[in-house]
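Colleague: Before I plan anything around this protein, could you take me closely through its nonpolar core, and then set that core beside the domains and the ligand shell?

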Amino acid sequence: MNEHIVKVLEAKFITHDVKRFVVERPQGYDFLPGQATEVSINLPEWKNQLRPFTFTNIKESNYLEFMIKLYNDHEGVTKQLGKTNANAELILHDVFGAIQYKGPGVFIAAGSGITPFISIFRELYKHNLIKGNRLIYVNKTSEDIIMGQELQRLLKNNFVNVLTREATVGFLGRRIDRNFLIENIVDFSQHFYVCGPDDFVKDITKYLMELGANFDSLVFEK
Ligand SMILES: Cc1cc2nc3c(=O)[nH]c(=O)nc-3n(C[C@H](O)[C@H](O)[C@H](O)COP(=O)(O)OP(=O)(O)OC[C@H]3O[C@@H](n4cnc5c(N)ncnc54)[C@H](O)[C@@H]3O)c2cc1C
């Protein structure tokens with residue numbers, strides 16, 4: 001397993017519990033939008049605690065970017081990342097991940113599950129290929145939405161914001177269930193990209209297949 005020690009260049013909160021990290025990019029360290037790596041913090045007591053995080057920058061950037069949800073309710077890596085700022089060091093490992101763009105389709109994300117899609121949408125937008133893609137993004141409240149303004153700018157009308165604990169004008173106040181998919185998706189023969197908590201991915205992929213989606217057209221971390 002390769003290890004790359006990189007310096008944190010920037011670290012800032014982008015929601016109440018999500019922090020954006022910009023870090024150095026090691027030479028020749030390549031990835032495809034949607035992929036991830038295992039990250040640890042380069043401190044004696046933390047360097048062996050590896051956790052997976054997804055790159056949110058585009059392939060061409062000369063830096064790497066992560067957007068990381070912090071769990072402050074226990075002494076894990078993300079709580080420690082809350083105290084990690086510019087000039088600290090992280091250790092990056094090998095690139096992995098099954099999520100990558102296969103063609104136009106519907107992206108369904110919950111919470112921090114948006115991160116692989118941020119990289120994919122930014123890359124598609126840069127190459128003028130974003131047309132024909134649609135995002136359904138579910139969060140508990142509007143405070144939890146990650147990069148909402150940018151996603152709106154990239155996707156325009158093809159951005160469906162769903163808030164499960166808030167019924168705000170302009171957002172759909174409900175859960176994504178089988179009926180939601182029937183009402184919001186016309187064509188089940190296209191690609192579907194699904195990312196979020198394990199149960200969310202399990203439920204959504206099950207509903208999609210029941211509604212006629214082909215397993216081979218489903219893209220998720222298997
Ligand atoms: C391929 C992949 C890519 C990912 N990419 C991203 C990303 O880009 N951004 C992102 O934010 N996340 C991402 N994740 C999720 C991220 O890896 C986890 O949130 C992270 O590993 C949590 O690390 P931790 O040490 O803080 O928590 P861990 O100790 O590893 O715990 C993980 C989970 O268990 C719960 N938990 C465990 N123990 C306790 C406890 N004692 N009390 C309360 N709760 C507890 C936490 O709430 C959390 O949900 C990704 C996951 C995968 C598999």
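Modeller: This is a predicted model, and its chain is divided into domain 1 (4-96) and domain 2 (105-219). Taken over C-alpha atoms, the centres of domain 1 and domain 2 are separated by 24 Å, and the contact between them takes 14 residues from domain 1 and 13 residues from domain 2. On the side of domain 1 that touches domain 2, the residues divide by class into 6 nonpolar, 6 polar and 2 charged.

The largest nonpolar core holds 50 residues, of which Ile68, Ile108, Ala109, Phe117, Leu135, Phe192 and Tyr193 touch the most other members. This core draws at least three residues from domain 1 (4-96) and at least three from domain 2 (105-219). In soluble globular proteins, nonpolar side chains tend to be buried together.

For a close view of one member, take Leu135: leaving aside residues up to four places away in sequence, Leu135 touches Phe107, Ala109, Phe117, Leu151, Leu155, Phe159 and Val160, together with Asn158. Ala109 and Phe117, which appear among these contacts of Leu135, are also listed with the core residues that touch the most other members.

As for the ligand, 20 residues lie around it, and those that come nearest are Arg51, His74, Gly76, Thr78 and Thr115. Strand S4 (51-54), strand S5 (63-69) and helix H1 (77-82) are the elements that give two or more residues to this shell. By class, the shell around the ligand comprises 8 nonpolar, 7 polar and 5 charged residues.

Conventions. Residues are numbered from 1 along each chain as its sequence is written. This is a predicted model: local features need pLDDT of at least 70, side-chain atom pairs count only at pLDDT 80 or more; totals for chains, interfaces and linings use all residues. A residue is near a molecule or strand if its C-beta atom, placed from the backbone, lies within 6 Å of it. Helices (H or I, at least four residues) and strands (E, at least two) are DSSP runs, numbered from the N terminus. Ala, Val, Leu, Ile, Met, Phe, Trp, Tyr, Cys and Pro count as nonpolar, Asp, Glu, Lys and Arg as charged, and the others, Gly among them, as polar. Domain bounds come from an automatic or database domain assignment. Two residues are in contact if their C-beta atoms, placed from the backbone, lie within 7 Å. A nonpolar core is a set of buried Ala, Val, Leu, Ile, Met, Phe, Trp, Tyr and Cys residues joined through C-beta atoms within 7 Å. A residue is buried if 20 or more other C-beta atoms lie within 10 Å of its own, exposed if 12 or fewer, and partly exposed in between; C-beta atoms are placed from the backbone.
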